[in-house]
Amino acid sequence: MTLRFCSAAETDLEAISQLDASAFEFPWSFADFEGSLKAGHQFLLLKDDDRLLGFAVYMQIFEQSELLTIAVTPSEQGMGYGKLILNEVLARLAASQAESLFLEVRVSNTRARALYHSVGFQEISSRKGYYPTRDGREDAIVMQKLLGN
Ligand SMILES: CC(C)(COP(=O)(O)OP(=O)(O)OC[C@H]1O[C@@H](n2cnc3c(N)ncnc32)[C@H](O)[C@@H]1OP(=O)(O)O)[C@@H](O)C(=O)NCCC(=O)NCCS
């Protein structure tokens, strides 16, 4: 087993969007990922040899940055890979002079919220009815972590 981080090429988008569809009830479309890559967002992939275990997509604008999405393939969740990916994103942003990382998370996503708290994110506000659900809308919690720059 050889874990490695890499960035994404067009040829990774199929695997990324398949993983996303298996991890989220409301996944991004292939076109969303394609547009995000074309827009210059950062893709950080975690692979075991050539198998995609998880990924994060984030963007940086000067000193501010935002985590756009993060997912680990369902059969590999709960084994530390999500935290590994998130810590690598934090290290890369800190090294490129970002001052803080923001993200939005569903109120109901207790697992992700626990992950974010465990690496030092704080809940700073909420957005009412930000996400669709099967029978309505749910709020987003906005979280922030300062990166020490
Ligand atoms: C959220 C997600 C990326 C976390 O990745 P993961 O590899 O499963 O998580 P890890 O094994 O690295 O665990 C990291 C932390 O998450 C929390 N966590 C993990 N599994 C958990 C569970 N079943 N219940 C509650 N908290 C849990 C813990 O705080 C854990 O830290 P600890 O091990 O130090 O206690 C992953 O579960 C996932 O892809 N979920 C679906 C997509 C998603 O919700 N993405 C986030 C959108 S905002």
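**Figure 1. Backbone contacts of G78 and G80 with the ligand in the predicted model.** A backbone N or O atom of G78 is placed 2.8 Å from an oxygen atom of the ligand. At G80, a polar backbone atom lies 2.6 Å from a ligand oxygen atom.

**Figure 2. The K83 side chain and the surroundings of the ligand.** K83 brings a polar side-chain atom to 2.6 Å from an oxygen atom of the ligand. Taken alone, the ligand exposes 930 Å², and the protein buries 72% of that area. The ligand is surrounded by 20 residues, the closest of which are V72, G80, G82, K83 and N109.

**Figure 3. The largest nonpolar core.** This core comprises 26 residues, and those with the most contacts inside it are L67, L86, L101, Y116 and F121. At least two residues each come from the strands β2 (42-48), β3 (51-61), β4 (64-72), β5 (100-106) and β7 (136-146), and from the helices α3 (81-95) and α4 (110-118). Helix α3 gives the most to this core, with 6 residues. In soluble globular proteins, nonpolar side chains tend to be buried together.

**Figure 4. Contacts of L86.** L86 is among the residues with the most contacts inside the largest nonpolar core. When residues up to four places away in sequence are not counted, L86 touches L67, I70, L115, Y116, V119 and F121. Of these partners, L67, Y116 and F121 are also listed among the residues with the most contacts inside the core.

**Figure 5. The second nonpolar core.** A separate core contains 13 residues, including F33, L45, L52 and A71.

Notes
Residues are numbered from 1 along each chain as its sequence is written. This is a predicted model: local features need pLDDT of at least 70, side-chain atom pairs count only at pLDDT 80 or more; totals for chains, interfaces and linings use all residues. Side-chain values use heavy atoms; hydrogens and water are left out. A nonpolar core is a set of buried Ala, Val, Leu, Ile, Met, Phe, Trp, Tyr and Cys residues joined through side-chain atoms within 4.5 Å. Buried means under 20% relative accessible area, exposed over 50%, partly exposed in between (1.4 Å probe, protein chains only). Helices (H or I, at least four residues) and strands (E, at least two) are DSSP runs, numbered from the N terminus. Contact means heavy atoms within 4.5 Å. A residue is near a molecule or strand if one of its heavy atoms lies within 4 Å of it. A polar contact is a pair of N or O atoms within 3.5 Å; within protein, one must be able to donate a hydrogen and the other to accept it, and residues adjacent in sequence count only if both atoms are side-chain atoms. Accessible areas come from the Shrake-Rupley method with a 1.4 Å probe; for residues, only the protein chains shown count as cover.
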